[in-house]
Every structure is written in C-alpha cells, then in structure tokens.
Amino acid sequence: MALFGALFLALLAGAHAEIPGCKIRITTKALELVKQEALRFLEQELETIIIPDLRGGEGQFYYNISDVKVTDLELTTSELHFQPEQDLVLQISNASLEIRFQRQLLYWFFYDGGYINASAKDISIRTALRLFRDPTGRMKVFNISCQASVSRMHADFGGTFRKMYEFLSVFITSGMRFLLNQQICPVLYHAGMVVLNSLLDTVPVRSSVDNLIGIDYSLLKDPVVSTSSLDMDFRGAFFPLTQGNWSLLNQAVEPQLQEEERMVYVAFSEFFFDSAMESYFRAGALQLLLVGDKVPHDLDMLLRASYFGSIVLLSPAEINSPLKLELKVTAPPRCTIKPSGTTISVTASVTIALAPHNQSEVQLSSMIMDARLSAKVTLRGKVLRTQLDLRKFRIYSNQSALESLALIPLQAPLKTMLQIGVMPLLNERTRRGVQIPLPQGMAFVHGVVTNHAGFLTIGTDLRFVKGLREVIEKNWPATTMGPQASSAPPPSTAAV
C-alpha cells in the first residue's frame, strides 16, 4: 500500500512539473576552452597566495623564514570533466611552484641572513564543484571539495652557514610544504564560492527585453550532469512588463537535446515564441493606425475608388476628409515549428474609414485578414534574432460571401502595403533580439539551426570575448578578488 502511495505521488508530481521553454546543454567539447581560461585565472590567484612566516629551531640553531613570495607557477597537466554526483571536477597533476623567501639564522652569537630560491614539485590538486538552483532560479555553486598535496620541495641554501641550513633543510622544507598545502585549497574555495558565483550572477534570469516585455530564464530544477554533458532546463517565458505576474500556460512539446558534437546546444519550443507574441499582444503593440498622409498615395486612391458608391452619398466635408486605415491583431499570433521551417499565423481586423475633422468617422468597410509569416531564426553572439517574411495573405468579409468577392481587388495593394510598411517595423523589433542566458565575457559562434517537430535546436561553439579576470574586475571591487575576501572555507583536506 505504501509503495502504491509513493508511486501515485510521483506520478502526480510529474504531471504538474513545468515544461521548459528553453534548454541548454554544455558538452565535454566546451570544457577544454573553459579549462584554459580557468587555469589562467587560477595561476594568477595562486601566485598571490600569502604564506605565513616559518620559525623554529634545533638545539642552538634558530631560523626564521619570512617574506615568502611565489615567483613562478606551472600547471603542467590538467583535466576538467563532468562527473555525476560531483558535477564538475578539476584535476591538476605534476604542477610546480617557484618561491623566494628571506632566511635568518642564529647560532649562538653568529647571525646569517639573505634570500633563498626554493621550488615545490609534483603538486597535485583535485577540486569538485556541486551546482544547484537557488530560490531565485539562478544556477549557483553550493559546495566545493578540495584535496591538495605537495610531494617534494627543494631549497638552494648558500652563504656561511650553508652546511647548517642543509642539515636543517628537512625541517624548513617540510614546514613550508605544509604551509603551501594549507594555502592552496582556500584559494580554490574562494575561486568557486565567490568568483564563480559572482560570474554566474551576470547570467540574466528575469530581465526586460524592451520597454514592453521581459523574459524569464529561471532554472526549473537543478542542472543534470552526465559524464558527457551538463543539461539545464529554463522556463523560457516572456511576459508584459505591466503584468509581471502573468504567465502563459506551457502546453507545447518539450524540446529534446540528444546531440553532443558541438560545444553547446540550445533548444526552444513553440511556447518560447508564443509567449513573446502573446506578451506583445497583451501590451497593445500589435496594431497599426494610418491616417491621412500616412496612408500610401496609391492605396488611398484605390480604396476611395473601391468604395466610390458609398463615398459619393456623403457630404462634401466627409468626401474630402482623410482616409483612415486601422490594422489590429484580434488574437495572439501562434508559432508552428516543423522540420520544413518555422511559420507564424496572424489574424487581424482591417477597418477602412473616413475621418472628417471634428466629426464622427464614417466607416467604409471592415474585414478580416489572415496572414502567414515565415521566420528565420539566427543566433549571433549571445542574442537570438528572428527575420520575418510575409508568405501568405488573404482578406475576407465577416459579413457576407458577396462582400468577400468585392474585396478581391484589394488583396494585392494591401499585401504590398504590409510588405512595405508593416514588415520593416516588425523586423526592426525582432532584429534587436533577446539575450540567451550566458555569463558576461562569453559568446556563441558558428550557430547552426535545426528544426524539429514542435521545437528547434541550435548547435554552436563558445568563445571568450573577455578574459575571466577582466569580467570579474569590471563588475566587482578589488576587495572581492583575493582569497582573504572570501568567507572562511571548510577545513582543508590537504595531504602532507
């Protein structure tokens, strides 16, 4: 009975799970690019680690090691890979570190001092990041594990007490090796919990697209990690800015991502585009009013000739009044994605009237317009753009079939008016595009769009347009850049 109840609850939860309008997959092919940029940043961070002074003695010998500075760092062998249950794992092996420090030695009443160069060899580092969805729908790093070890360390001693230093080198190098081990993991902890989370804060979650609508890219659940990819499900829903709490019910086909040949795959369902068009519809943007000189001259003459029988019966003031043409979408347009292409269906009312000054307008005709637009989707940089083209167009009367026949001569001029006067306005808005959820400093290149039944996918590669450090320093003050600025990391698991 308990098993049946658990199964019922699982099915109930699945039935109410929100369908994503946008999905993003990052494959292992992207990790090599990300690794190179991450290693450059880590090298800069590790070169600024602060190693405390080392003091000690043996018998009548007393030594003090101070002013320790990293002069060179080589991360020779490294690997960044996905791993279920740990999400993202970075392994570094056979790394080396060159340091310089000041030595001070006291033996009875004899003193010796100076600078020494030392090297740490066979440094190994393994760190794993766990990713999750925070309450705002943003991806965050919530846990970091770290293991670091320095296998060998050598110091080049010289001077009067070189033999004595060599005798004590086992104490000095062992102590410094321990201190180095203790400093590596806090740097990695800071890089993940502070720097990487700060970078993830640049990913847009809920932002405005223009002065009418906004976009919601909230994560719907924690990222799903396999050995070959990291998948993220986003709400991918537009909304009118005046109705921030409104959302369209997603009943579209869920996008599917199966390919892994490119660095990144982005998928959008019909819902993604439907919510954009319904948001514009609710914001009152899908209507056009042309009066007087705004109506093309040839169309003005054709319409007056077509309705000459009605116009001639009017008063002189009404006959000579400006022509008014009103185009108003009557229902939210709908998008259809098929392997053959993407189309948008639009239904609108067309009202033709005369608008005499200081008098009520005189309606000449009211008709229905059905239009089908083709949509070409492209991804450039981090912006998704759409180019619209009018493919099919017809007008008919909602009053009688006879009146529909009388409207046939208006088909061609009205279609021309749409192509010349309306489509450029639509494309001006769609060319501005909408940003894809991607951190600052990164962009998509070489995107290829593939249509499926109910959704489309874009296979693309990544590139860094700005270095990680440049992005961090631009958005956050210098006080957050060093490990000393981070919250205290968990106890180090460094091995001595």
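In this briefing a strand is a DSSP run of E of at least two residues, and strands are numbered from the N terminus. Under that definition Asp-67 is found in strand S3, which covers residues 61-74. The model described here is a predicted one. Its enclosed space includes a largest pocket of about 990 Å³ and a largest cavity of about 960 Å³, and its charged side chains form 23 salt bridges.

**The largest pocket**

- The space in the largest pocket comes to about 990 Å³, and of the 43 residues that line this pocket, Tyr-280, Leu-286, Leu-388, Leu-426 and Thr-430 are the closest to its centre.
- Two or more lining residues are given by each of helix H4 (270-282), strand S14 (287-291), strand S15 (323-329), strand S17 (341-354), strand S18 (362-380), strand S19 (383-396) and helix H9 (411-432).
- Helix H9 supplies the largest share of this lining, with nine residues.
- By class, the lining of the largest pocket is made up of 32 nonpolar, five polar and six charged residues.

**The cavities**

- Three cavities of 30 Å³ or more are present in the structure, and the largest of them holds about 960 Å³ of space.
- The lining of the largest cavity consists of 47 residues, and those nearest its centre are Val-34, Leu-88, Leu-196, Leu-199 and Leu-200.
- Helix H2, which spans residues 28-46, gives eight residues to the lining of the largest cavity, and this is the largest share.
- The lining of the largest cavity divides into 41 nonpolar, three polar and three charged residues.
- The second largest cavity has a volume of about 60 Å³, and the residues that line it are Leu-46, Ile-49, Leu-73, Leu-75, Ala-95, Leu-97, Ile-123, Ile-125 and Ile-184.
- Strand S5 (87-107) and strand S6 (110-133) are the elements that give two or more residues to the lining of the second largest cavity.
- That lining holds nine nonpolar residues, with no polar and no charged ones.

**Salt bridges**

- Among the 23 salt bridges of the structure, one joins the side chains of Arg-235 and Glu-18, with an N to O distance of 2.8 Å.
- Arg-235 sits in the loop between strand S11 (229-234) and strand S12 (237-240), while Glu-18 sits in the loop between helix H1 (2-15) and strand S1 (22-27), so this pair ties together parts that are 217 residues apart in sequence.
- Both partners are partly exposed, Arg-235 with a relative accessible area of 22% and Glu-18 with one of 40%.
- Glu-18 and Arg-235 also belong, together with Arg-206 and Asp-216, to a network of linked salt bridges.
- A further salt bridge, at 2.7 Å from N to O, is formed by the side chains of Glu-45 and Arg-469.
- Because Glu-45 lies in helix H2 and Arg-469 in helix H10 (residues 468-475), this pair ties together parts that are 424 residues apart in sequence.
- Glu-45 and Arg-469 are both buried.
- The side chains of Asp-300 and Arg-304 meet in a salt bridge at 2.8 Å, N to O, and both residues lie in helix H5 (residues 297-306), four residues apart, which is about one turn of the helix.
- Asp-300 is buried, with a relative accessible area of 13%, whereas Arg-304 counts as partly exposed at 22% relative accessibility; the limit that separates the two classes is 20%.

**Surface patch and backbone**

- A nonpolar patch on the surface is formed by Tyr-62, Leu-106 and Tyr-111, which together have about 330 Å² of accessible area.
- Leu-106, one of these patch residues, is found in strand S5 and is partly exposed, with a relative accessible area of 37%.
- The phi angle of Asp-67 is near 55°, a positive value in a residue other than glycine, and Asp-67 is partly exposed, with a relative accessible area of 32%.
- Asp-122, which lies in strand S6, likewise has a phi near 55°, again a positive value in a residue other than glycine.
- Asp-122 is partly exposed, with a relative accessible area of 29%.

Note on methods:
Residues are numbered from 1 along each chain as its sequence is written. This is a predicted model: local features need pLDDT of at least 70, side-chain atom pairs count only at pLDDT 80 or more; totals for chains, interfaces and linings use all residues. Side-chain values use heavy atoms; hydrogens and water are left out. On a 1 Å grid over the protein atoms alone, a cavity is a set of points where a 1.4 Å probe fits but cannot get out, and a pocket is an open set with protein on both sides within 12 Å along at least five of seven lines; lining residues have an atom within 4 Å of a point. Grid points are joined across faces, edges and corners, and a volume is the space filled by probe spheres set on the points. Ala, Val, Leu, Ile, Met, Phe, Trp, Tyr, Cys and Pro count as nonpolar, Asp, Glu, Lys and Arg as charged, and the others, Gly among them, as polar. Patches are made of residues with over 30% relative accessible area and no salt bridge: like charges are joined within 9 Å, nonpolar side chains (Val, Leu, Ile, Met, Phe, Trp, Tyr) within 5 Å. Accessible areas come from the Shrake-Rupley method with a 1.4 Å probe; for residues, only the protein chains shown count as cover. A salt bridge is a side-chain nitrogen of Lys or Arg within 4 Å of a carboxyl oxygen of Asp or Glu. Buried means under 20% relative accessible area, exposed over 50%, partly exposed in between (1.4 Å probe, protein chains only).
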